[in-house]
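User: I'd like to learn how to read a helix and the core it packs into. Can you walk me through it?

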Amino acid sequence: MLLLLVITVFLFAFASARNEERSISNPKVTFVGENNLFITNEAVSKLLIQNFEGTKKVSKETLDLNELENALKSNPMIKTAEVYVAVNGTLNAEVEQKTPVARVSTNASYYIDDEGKFMPLSRNYAARVPLVTGYVEKNDLKNIYQIARKVQDDDFLKKHVIEIHQDIKGKFFLRLRRCDFNVEIGDLYYLDKKVNNLKAFYKKNLKDKTLNNYSKVNLQFENQVIGTKI
């Protein structure tokens, strides 16, 4: 019985030692969430390999998984990343990309992601999100993010809004798909109420076939909609 126990402990220790000494190579990258890739599998693999100290293979005991995860998360396209090593020595990375909610198109072009942060454009895929024009500061995206997130989360706005414009005074305007008029939101106070007023205006005039009779729809005031006819 004692001999069997000794053999079992020896085999376990031997297997553990071999597992620790196993070389790591050929990263396997899996994307979770969105199917559209802003960053490629090859680019993620390259980031991982660059952090192997430039070698093709490295032993498990010298591999710092936290360092690899931080290297991936430092990429402005990547929201989260989890890196682990399988029993067979394969290095695995599960990557979640950032999700854009708007695309700034001023003197600089970039996305705003679903946390209100900067996200660069991608050479691989262009997201279908509203354009943001006008006066935009990259270090002050709070208000633009608020209205862009509202557009993203509201089915009506997501379907119809193609542009968000901010003027020099910080007032907001919307452009709707297949409509000739500007929608003046003004400031973001009572935004939900203003959106509901826009929906009611749109529904009524769509039914009456009079949407194209207007050049401007003013929603600045909480309890009224002012339509300027052409």
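Analyst: Sure. One term before we start: two residues are in contact when their heavy atoms lie within 4.5 Å. Also keep in mind that this is a predicted model.

User: How far apart should the ends of helix α6 be, and what does the model give?

Analyst: At 1.5 Å a residue, the 18 residues of α6 (residues 191-208) should span 26 Å, and the end C-alpha atoms are indeed 26 Å apart, so the two agree. Just past the helix, K209 has a positive phi of about 60 degrees.

User: Which residues of α6 are buried?

Analyst: The general idea is that an α-helix has 3.6 residues a turn, so residues three or four places apart point the same way. In α6, the buried set is L191, K194, V195, N197, L198, F201, Y202 and N205. Those residues cover an arc of only 160 degrees around the axis, which means they sit on the same side of α6. On the face turned away from that buried side you'll find the exposed K203, K204 and K207.

User: What covers the buried residues of α6?

Analyst: The cover includes α4 (142-153) and α5 (155-160), along with the strands β10 (172-176), β11 (182-186) and β12 (214-218).

User: And how do I read the nonpolar core?

Analyst: In soluble globular proteins, nonpolar side chains tend to be buried together. Here the largest nonpolar core has 33 residues, and I164, L176, F181, V183 and I185 have the most contacts inside it. Its largest share, five residues, comes from α6. Apart from that core lies another of 20 residues, including V44, L47, I78 and L91.

How values were computed:
Residues are numbered from 1 along each chain as its sequence is written. This is a predicted model: local features need pLDDT of at least 70, side-chain atom pairs count only at pLDDT 80 or more; totals for chains, interfaces and linings use all residues. Side-chain values use heavy atoms; hydrogens and water are left out. Helices (H or I, at least four residues) and strands (E, at least two) are DSSP runs, numbered from the N terminus. The expected span of a helix is 1.5 Å times one less than its number of residues. Buried means under 20% relative accessible area, exposed over 50%, partly exposed in between (1.4 Å probe, protein chains only). The arc is that of the directions from the helix axis to the C-beta atoms. A nonpolar core is a set of buried Ala, Val, Leu, Ile, Met, Phe, Trp, Tyr and Cys residues joined through side-chain atoms within 4.5 Å.
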